[in-house]
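The exercises below invite you to read a model step by step, with the sequence and the structure open beside the text. Try each task before you turn to its solution.

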Amino acid sequence: MSKLSAQLKFRSTVGIHAVILFLFFVTCTASTQTSESNIANKAFLDKEGNVHIVLNNGKEIQPSKLKGQFENSEPVIAEDRKTVAWMAYFENCCTSYNIPMTLIVFRSGKIIRQFKPGLMIANWKFEESGRKIGIYTNTVHGDFGPTYDLYETMTGKHLKHIVGPVDENSPQWVKRLGND
C-alpha cells in the first residue's frame with residue numbers, strides 16, 4: 001500500500017470516528033434536554049379551577065377536563081418532579097356537591113393514566129417518589145367501604161388491595177392514606 005493511500009485510509013477512519021462521536025454527543029445532549037424539559041416546576045389551579053402545569057423549559061400545559069367533569073383538586077407534583085396528579089370531581093346523584101371519582105396522572109407532557117376506583121376517592125398519595133400511587137376510597141356518607149389500593153403509576157398495574165379500617169397491622173402506605 002502506498003504512503004498516500006495509507007494516509008487517506010487513516011483520515012477516513014478518523015473522520016468516521018469523529019462523526020460517530022459527534023452524533024453520540026448530540027444524541028446524549030438531546031436526551032438530557034428532553035428529560036430536563038419534562039421536569040414540572042409548578043402545578044396549580046387557575047380561578048376557573050383548571051389545572052396548569054409549568055415545565056422546566058417554561059412551557060405551560062393546561063390539560064382538558066374529562067367529559068362530565070365539573071372541577072379539579074389542587075394538583076400535586078411527585079418527588080420525581082416528572083409526575084403530577086389531581087382528582088377530577090363529578091356530579092353525584094345523591095349529594096348537593098360534586099365528588100372526586102377519578103385520579104388523573106400527568107407525565108411527559110400528557111395524561112398517562114386515569115384511576116377510576118368506583119367509590120369516592122377520599123385520599124391519595126404518591127409513594128416511592130411517584131413510582132406508585134396509593135388510593136383510599138370510601139362511601140360518600142359514613143364509613144361503610146374503606147378500601148386501600150396501591151398501583152404502579154406508569155403501567156396502572158394493581159399491586160395491593162386492602163379492605164377495612166386502618167389498624168396497627170396496616171402497611172405504612174395505608175397508614176399515610178388513613179391519617180389525612
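**Exercise 1. Find how strand E1 is joined to strand E2, and place both in their sheet.**

Solution. Begin with the pair itself: E1 and strand E2, residues 51–55, run antiparallel and are joined by five bridges. Two terms are needed here, since strands (E, at least two residues) and helices (H or I, at least four) are DSSP runs numbered from the N terminus, and two strands count as paired if DSSP finds at least two bridges between them. One such bridge can be located by residue, for Ala40 has Leu55 in E2 as its bridge partner. Next, widen the view to the sheet, which is open, has three strands in the order E1-E2-E3, and is paired in the antiparallel sense. Strand E1 (40–45) and strand E3 (60–61) are the edge strands, and each has a single partner strand, so one side of each is left without a neighbour in the sheet.

Before going on, note that this is a predicted model, in which local features need pLDDT of at least 70 and side-chain atom pairs count only at pLDDT 80 or more, while totals for chains, interfaces and linings use all residues. Residues are numbered from 1 along each chain as its sequence is written, and side-chain values use heavy atoms, with hydrogens and water left out.

**Exercise 2. Work out which strands stand at the edges of the four-stranded sheet, and follow the pairing through E11.**

Solution. First write down the order, which is E9-E10-E11-E12 in an open sheet of four strands with antiparallel pairing. The edges are taken by strand E9 (120–127) and strand E12 (158–163), each with a single partner strand, so one side of each has no neighbour in the sheet. Neighbouring strands of this sheet are turned against each other by 15° on average, direction ignored; the axes behind such angles are lines fitted to C-alpha atoms, for helices over the stretch in contact, and angles run from 0 to 180 degrees between N-to-C directions.

Now take E11 in turn with each partner. E10 and E11 run antiparallel and are joined by six bridges, and the bridge partner of Tyr136 in E11 is Tyr148. On the other side, strand E11 (residues 147–152) pairs with E12 in the antiparallel sense over five bridges. Tyr148 stands opposite Ile162 in E12, and Asp149 stands opposite His161 in E12. The hairpin of E11 and E12 has five residues between the strands, and Gly156 there takes a positive phi near 80°.

Finally, consider the surroundings of E11: five of its six residues are buried, so E11 is largely enclosed by the rest of the structure. Buried means under 20% relative accessible area, exposed means over 50%, and partly exposed lies in between (1.4 Å probe, protein chains only).

**Exercise 3. Are Glu128 and Ser129 buried, partly exposed or exposed, and what is the sign of phi in each?**

Solution. Locate the residues first: Glu128 is in the loop between E9 and strand E10 (132–138), and Ser129 also lies in the loop between E9 and E10. Glu128 has a relative accessibility of 41% and counts as partly exposed, while Ser129, at 34%, counts as partly exposed as well. For the backbone, phi of Glu128 is near 50°, a positive value in a residue other than glycine, and Ser129 has a positive phi of about 60° although it is not a glycine.

**Exercise 4. Describe the surroundings of Thr83.**

Solution. Thr83 is found in strand E6 (residues 83–90), and it is buried, with a relative accessible area of 0%. Its side chain makes a polar contact of 2.8 Å with the side chain of Asp80. A polar contact is a pair of N or O atoms within 3.5 Å; within protein, one must be able to donate a hydrogen and the other to accept it, and residues adjacent in sequence count only if both atoms are side-chain atoms.

**Exercise 5. Examine the hairpin of E7 and E8.**

Solution. Strand E7 (residues 99–107) and strand E8 (residues 110–115) run antiparallel and are joined by five bridges. Val105 has Arg113 in E8 as its bridge partner. Two residues lie between the strands of this hairpin, and Ser108 in the turn has a positive phi of about 55°.
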